[in-house]
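Biologist: Please take a close look at the nonpolar patch on the surface of this model. Then follow the chain from there to the sheet and its loops, in words a first-year student can use.

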Amino acid sequence: MTPRGIIWKWIARPLFRCTPHAAYGFRRQLLRLCGARLGRRVRCRRSVDIDQPWNIRFDDLVMVSDGVVIRSAAPIHIGSRCVISQYCSLLTEVRDPESTGHPPVGGPITIAEDCWVATDTLVLPGSTLEAGVVVGARGMVSGRIEAWHIATGEPARPRRERVLYESA
């Protein structure tokens, strides 16, 4: 295990979990100490479970809610103004159930700016959410979802375009 892995596992991660509710700045500093690249005003709740913070990059104004699980064996990049709602799982490595011995299958996760990953969604390795995507609650993202769409289901598929402002 690397020195920053030891620091995260034995010092920073337990401190992260024990911080006061609104101690976002302190939690940001703990993540940065262990190699995470964070933009301005990133908010990670204390119940977020991150295993390898050195593989994550969160741009400005990212919110990661309660109970989110982040398994970052490969890089995870979340763009500006994104929300990862409670109980979501971002997994960069899973086991292949169809192969003998169930070898690990992995890949990076990219979530572009202005996305919302709703409650209890699973994002699998190699997935990309382009700008402005909303993934409905309890969805499963596997692959690429086109920009400015609302996607739902297992696997999540675009159902309609996301329109922010309609002219009268």
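Modeller: In this predicted model, a nonpolar patch on the surface is formed by Met1, Ile6, Ile7, Trp10, Ile11, Leu15, Phe26 and Leu33. Together these residues have about 860 Å² of accessible area. Two helices each supply at least two residues of the patch: helix 1, residues 3-18, and helix 2, residues 24-33. The largest share comes from helix 1, with 5 residues. Phe26, a member of the patch, is found in helix 2. Phe26 counts as partly exposed because its relative accessibility is 42%, and partly exposed covers the values between 20% and 50%.

After the helices, the loop between strand 1 (37-38) and strand 2 holds Arg41. Arg41 has a positive phi of about 55°, although it is not a glycine. Most residues other than glycine have a negative phi. Arg41 has a relative accessibility of 57%, so it counts as exposed.

Next comes the sheet. It is an open sheet of 7 strands, in the order 2-5-8-13-16-19-20, and the pairing is mixed. Its edge strands are strand 2 (43-44) and strand 20 (157-161), each of which pairs on one side only.

Inside that order, strand 5 (residues 63-64) pairs with strand 8 (residues 83-84) in the parallel sense, over 2 bridges. Here Val64 stands opposite Ile84 in strand 8. Ser65 is found in the loop between strand 5 and strand 6 (69-71). With 12% relative accessibility, Ser65 falls under the limit of 20% and therefore counts as buried. Leaving aside neighbours within four places in sequence, Ser65 is in contact with Arg45, Val48, Ile84, Ser85 and Gln86. One of these contacts, Ile84, is the residue that stands opposite Val64.

Another serine can be described in the same terms. Ser89 has its place in strand 9, residues 89-91. Ser89 counts as buried because its relative accessibility is 18%. Beyond its neighbours within four places in sequence, Ser89 is in contact with Val69, Thr121, Leu122 and Val123.

Further along, Asp114 lies in the loop between strand 12 (109-111) and strand 13 (116-117). Asp114 is not a glycine, but it has a positive phi of about 65°. Its relative accessible area is 23%, so Asp114 is partly exposed.

The last stop is around strand 19. Ala151 is found in this strand, which covers residues 149-152. At 0% relative accessibility, Ala151 counts as buried. Val133 is 18 residues from Ala151 along the chain, and the C-alpha atoms of the two are separated by 7.4 Å. Apart from neighbours within four places in sequence, the contacts of Ala151 are Val134, Val135, Gly136, Ile145, Ala156, Arg157, Pro158 and Arg159. Arg157, Pro158 and Arg159, which are among these contacts, fall within the range of strand 20, residues 157-161.

The loop between strand 19 and strand 20 is the place of Pro155. A cis peptide bond joins Glu154 and Pro155, with omega about 0°. Most peptide bonds are trans.

Methods: Residues are numbered from 1 along each chain as its sequence is written. This is a predicted model: local features need pLDDT of at least 70, side-chain atom pairs count only at pLDDT 80 or more; totals for chains, interfaces and linings use all residues. Side-chain values use heavy atoms; hydrogens and water are left out. Patches are made of residues with over 30% relative accessible area and no salt bridge: like charges are joined within 9 Å, nonpolar side chains (Val, Leu, Ile, Met, Phe, Trp, Tyr) within 5 Å. Accessible areas come from the Shrake-Rupley method with a 1.4 Å probe; for residues, only the protein chains shown count as cover. A salt bridge is a side-chain nitrogen of Lys or Arg within 4 Å of a carboxyl oxygen of Asp or Glu. Helices (H or I, at least four residues) and strands (E, at least two) are DSSP runs, numbered from the N terminus. Buried means under 20% relative accessible area, exposed over 50%, partly exposed in between (1.4 Å probe, protein chains only). Contact means heavy atoms within 4.5 Å. Two strands pair if DSSP finds at least two bridges between them.
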